[in-house]
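User: Could you walk me through how to read a contact between two chains, and then one of its helices?
Analyst: Happy to. Let's put the model up and begin with the contact.

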Amino acid sequence: MHERHDLDLIAAFAREALADASPARALIESCPECAEYYRATRLVLEAVRTDPAPRLTDLERYRLHRAIWEEVAPEAPAASPTSRGRWWYRLAGAAAALAAVVAVGGVLGNGRAAEEPTMTTAARELFTAAPDAMADRDETLAPLSAGAEAFDTTEAASSAAGAGEAADGAGAPTVVFSAADLPEVASAFTDRVSAGEAVIEPTFDCAEWADADDLLAAEPAEMDGEPVWLLAHGERDAPSVEVVDAAECVVVYPHG
Amino acid sequence: MKDLPDPDLLARAARGDRAAFDELMRRHEDRVFAICLRIVRDREVALDTVQDTFLTVFRKAGQFRGESQFSTWLYRVAVNTCYDHLRRRKRRPTEPLPEGFEPPDRHVDSALSSVELRPDLTTALASLSEEFRTTLVLADVEGFPIGEVARILDVAEGTVKSRLHRARKELARILGNREAWG
């Protein structure tokens, strides 16, 4: 092709990126080689346009993040007091507030919860509020309840420190519940997995599931004060959900 | 965190803020993966290159001076990482083309240029040289401007244009455009 041929102009015309296409059109009509280059560029761009962009799967994304942090953990400098730590303290405070609300409700309800194992309204709100906190850990938690809003999270952090340390191995819990709530927690988690809202927490490290190809979600939680993982695997529209003890990586739900 | 610009996230990551680096990865990992997969043509290898890319970025986060856009720097690291992987693979035999695929014969009947008989883009890209493939992936597939491609590849803009023009002609020929080149 001769140098006088304006290949940039032809390429821009092929991209339909010219405000005034008449010079390019004239060039193509008067120059067979330019016309050939135009058709070639159009063909390439059409092939590109119809070829779906490759994307990471959720599992690949999770493993990528996990691999990065496994690799850099020994060399990473100490984290600043912002982000994760502060986020955890806020959540610990909220969890402590929630525990107080549940405890009061239990007293007032005179054991009704044991007969009707349903999640409290506050617990349900915590379940839905927590993913937002996960998404942006520097933002204030969504309001949980009047009791939680009134709770001093700074003081709560120290009073809930035991639970915080217990949950550390499983990452910060997104939901705190009792064993009596298991069926409803599992059901709500199933809904979130099917809706594509549940995530694979990068710190999840129970190898049996982490290395499986059908892992859909792994979110930290706390059941009766013990760190657990809410796991989903299989098909997204009908996932198998399990609750796994975070310390031992053994299934605690469904039972036997 | 989501509102912070890339350089701020990188600065936080350099101080050990894991959430900041996770956010940075989330913003760019799909595009880095797409570029690497197009260049190295193997999903597992592409995943390795993405991991190596972000490890390099994390380790050198404190060295980023903001003289170029963060994305330019990131994609330059990614391309160089892909080249490193390809060089390591050099001793291995070239991947065979799909069964039944033959390069287009410019003298064959034009009916053979039907879309159904064309190899897909991935297969066609595999037939290009590394330099042509990378240039075309960045410019035509990922849509980076010529100047940005030049900065990512650390070559002159004229070099990018030259490679791009030749890559398009070659790719079009492979894709079956005999009408243009026959």
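**Reading the contact and a helix**

Analyst: This is a predicted model. The contact draws 45 residues from chain B and 43 residues from chain A.

User: How much area is buried between chain B and chain A?
Analyst: The size of an interface is often given as the accessible area lost when the parts come together. Here, chain B and chain A bury about 4,000 Å² between them, with carbon and sulfur atoms giving 59% of that area. On the chain B side, B:Arg18, B:Asp30 and B:Arg168 lose the most area to chain A, together 15% of what that side buries.

User: How many salt bridges are there between chain B and chain A?
Analyst: The count is eight salt bridges. In one salt bridge, the side chains of A:Arg55 and B:Asp30 meet at 3.3 Å, N to O. As for polar contacts, 14 residue pairs link chain B and chain A, with both residues at pLDDT 80 or more.

User: Which helix gives the most to the side of chain B that touches chain A?
Analyst: That is α2(B), with 12 residues.

User: Where does α2(B) bend?
Analyst: A useful check is to compare the end-to-end span with that of a straight helix. Helix α2 of chain B, residues 18–40, has its end C-alpha atoms only 29 Å apart, short of the 33 Å a straight helix would reach. The bend, about 50°, is at B:His28.

User: And the two ends of the helix?
Analyst: At the start of α2(B), a side-chain oxygen of B:Asp17 comes within 3.1 Å of the backbone nitrogen of B:Ala19. After α2(B) comes B:Arg41, with a positive phi near 65°.

Terms used: Residues numbered from 1 in each chain as written. Chains lettered and ligands numbered in written order. Predicted model: local features only at pLDDT ≥ 70, side-chain atom pairs only at ≥ 80, totals over all residues. Heavy atoms only, no water. Helix = DSSP H or I, 4+ residues; strand = E, 2+ residues; numbered from the N terminus. Expected span 1.5 Å × (residues − 1). Bend = angle between axes of the 7 residues up to and from the residue. Polar contact = N/O pair within 3.5 Å; in protein donor to acceptor, adjacent residues only side chain to side chain. Contact = heavy atoms within 4.5 Å. Buried area = accessible area lost by both parts, 1.4 Å probe. Salt bridge = Lys/Arg side-chain N within 4 Å of Asp/Glu carboxyl O.
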